[in-house]
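Here is a short tour of a protein and the DNA beside it. Have the structure open as you read, and follow along residue by residue.

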Protein chains: 2
Amino acid sequence: MKIGELAKIAQCSVETIRFYEKEGLLAAPARTAGNFREYSAEHVERLRFIRNCRALDMSHEEIHTLLRLADQPIEGCAAINTVFDQHIQHVEVRIKELEHLKQQLDTLRQQCQTDLGLDPCGILQGLADMEIEPKSDKKHTHLG
Amino acid sequence: MKIGELAKIAQCSVETIRFYEKEGLLAAPARTAGNFREYSAEHVERLRFIRNCRALDMSHEEIHTLLRLADQPIEGCAAINTVFDQHIQHVEVRIKELEHLKQQLDTLRQQCQTDLGLDPCGILQGLADMEIEPKSDKKHTHLG
DNA sequence: GTTGACTCTATAGTCACTTCAGGGTGTGTA
DNA sequence: TACACACCCTGAAGTGACTATAGAGTCAAC
């Protein structure tokens with residue numbers, strides 16, 4: 001099948017597929033006489049795997065690791081769990097961060113709900129006065 | 001004060017401050033005879049504001065808007081609330097997304113907890129079999 | 001006069017794509 | 001046969017919010 005068809009199946013763009021090939025996530029397929037990419041069933045399966053990992057917000061690096069481990073399943077089972085547990089932790093950390101943010105935002109938002117027309121605006125005042133919280137570590141998660 | 005001192009106060013890097021200047025978030029300060037940036041109290045205040053907004057995960061675009069509105073506070077009060085409410089929604093949406101992800105991840109993780117040594121690994125199997133969920137809209141949040 | 005801490009500009013790299021420019025391929029219709 | 005049109009190709013640049021690097025200049029102290 002050609003790249004457009006594959007893109008439809010995997011629900012991603014043609015450009016994304018070419019990008020994955022360049023990144024080494026998806027193997028380069030055979031070419032037709034006219035230099036079009038010709039994909040096989042294995043490519044479909046592999047791309048589905050990659051897209052599912054991305055849907056779970058895994059980084060390309062994490063996916064690379066999983067794909068490598070997938071090629072030697074028994075040996076890699078513990079390692080796969082490690083990658084997975086680390087990724088779950090990334091997600092948990094980010095959720096906690098965002099919940100903390102939301103709390104701060106809600107508090108600030110209150111300051112304008114009550115006193116409309118105040119100068120300076122309570123929100124702006126709050127943003128100016130807030131104490132900058134030093135972020136603990138920075139590289140606890142690759143999630144934005 | 002010089003850029004290094006300002007960076008310490010605002011708990012950011014010297015490069016970040018120069019970057020904000022290039023972005024138009026922080027006004028370009030006067031220069032010393034030796035071409036060093038010389039910052040005033042207003043710069044400190046402005047940078048604190050910016051850093052607090054960033055600590056709340058606002059985008060540069062959102063901060064730009066807030067800074068513009070801050071220069072005409074009474075008129076902008078309703079608009080400020082709008083920016084804020086939208087940002088709060090960004091955060092809420094992202095939290096919900098991540099919680100959904102975590103649920104999926106936990107489910108997958110279970111599949112290897114029980115049957116260690118299985119070939120193929122339950123997690124890999126799950127990643128291959130998952131149905132790709134078409135993401136609703138994409139630009140609901142600028143948060144990663 | 002030399003060390004060392006600080007500053008300057010300009011450029012490239014990060015991540016996971018998206019967009020664009022400028023062209024080639026393949027099929028269907030007039 | 002000529003043309004339109006959908007699809008494909010490569011390569012480069014843009015996104016956001018920085019971070020990192022190279023190579024050079026400034027300034028105070030010893």
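Let's begin at the backbone of the DNA. In this predicted model, a side-chain N or O atom of Arg54(A) sits 2.5 Å from a phosphate oxygen of DNA strand C. Thr16(A) and Arg37(B) also place a polar side-chain atom by a phosphate oxygen of that strand, at 2.9 Å for Thr16(A) and 2.7 Å for Arg37(B).

| Residue | Partner in DNA strand C | Distance |
|---|---|---|
| Arg54(A) | phosphate oxygen | 2.5 Å |
| Arg37(B) | phosphate oxygen | 2.7 Å |
| Thr16(A) | phosphate oxygen | 2.9 Å |

These three are among the residues that come nearest to DNA strand C, along with Gly4(B) and Arg18(B), out of 19 residues around the strand. Of the strand's atoms within 4 Å of the protein, 84% belong to sugar and phosphate.

What kinds of residues make up this surface near DNA strand C? Seven are charged, seven are polar and five are nonpolar. Both chains take part through their helices: α2 (14–23) and α3 (41–55) of chain A, and α1 (3–10) of chain B, each supply at least two residues. The biggest contributor is α2(A), with four residues.

Now to how the two protein chains relate. Chain B superposes on chain A after a rotation of 180° with 0.0 Å of shift along the axis, at an RMSD of 0.1 Å. This is therefore the relation of a two-fold axis. Both copies use the same surface, as 100% of the contact residues of chain B recur in chain A. To find the axis on your screen, look for Gly144(B): its C-alpha, at 1.8 Å, makes it the residue of chain B closest to the rotation axis.

Note on methods:
Residues are numbered from 1 along each chain as its sequence is written. Chains are lettered from A and ligands numbered from 1 in the order in which they are written. This is a predicted model: local features need pLDDT of at least 70, side-chain atom pairs count only at pLDDT 80 or more; totals for chains, interfaces and linings use all residues. Side-chain values use heavy atoms; hydrogens and water are left out. A residue is near a molecule or strand if one of its heavy atoms lies within 4 Å of it. A polar contact is a pair of N or O atoms within 3.5 Å; within protein, one must be able to donate a hydrogen and the other to accept it, and residues adjacent in sequence count only if both atoms are side-chain atoms. Ala, Val, Leu, Ile, Met, Phe, Trp, Tyr, Cys and Pro count as nonpolar, Asp, Glu, Lys and Arg as charged, and the others, Gly among them, as polar. Copies are superposed by least squares on the C-alpha atoms of residues with pLDDT of at least 70 in both. Contact means heavy atoms within 4.5 Å.
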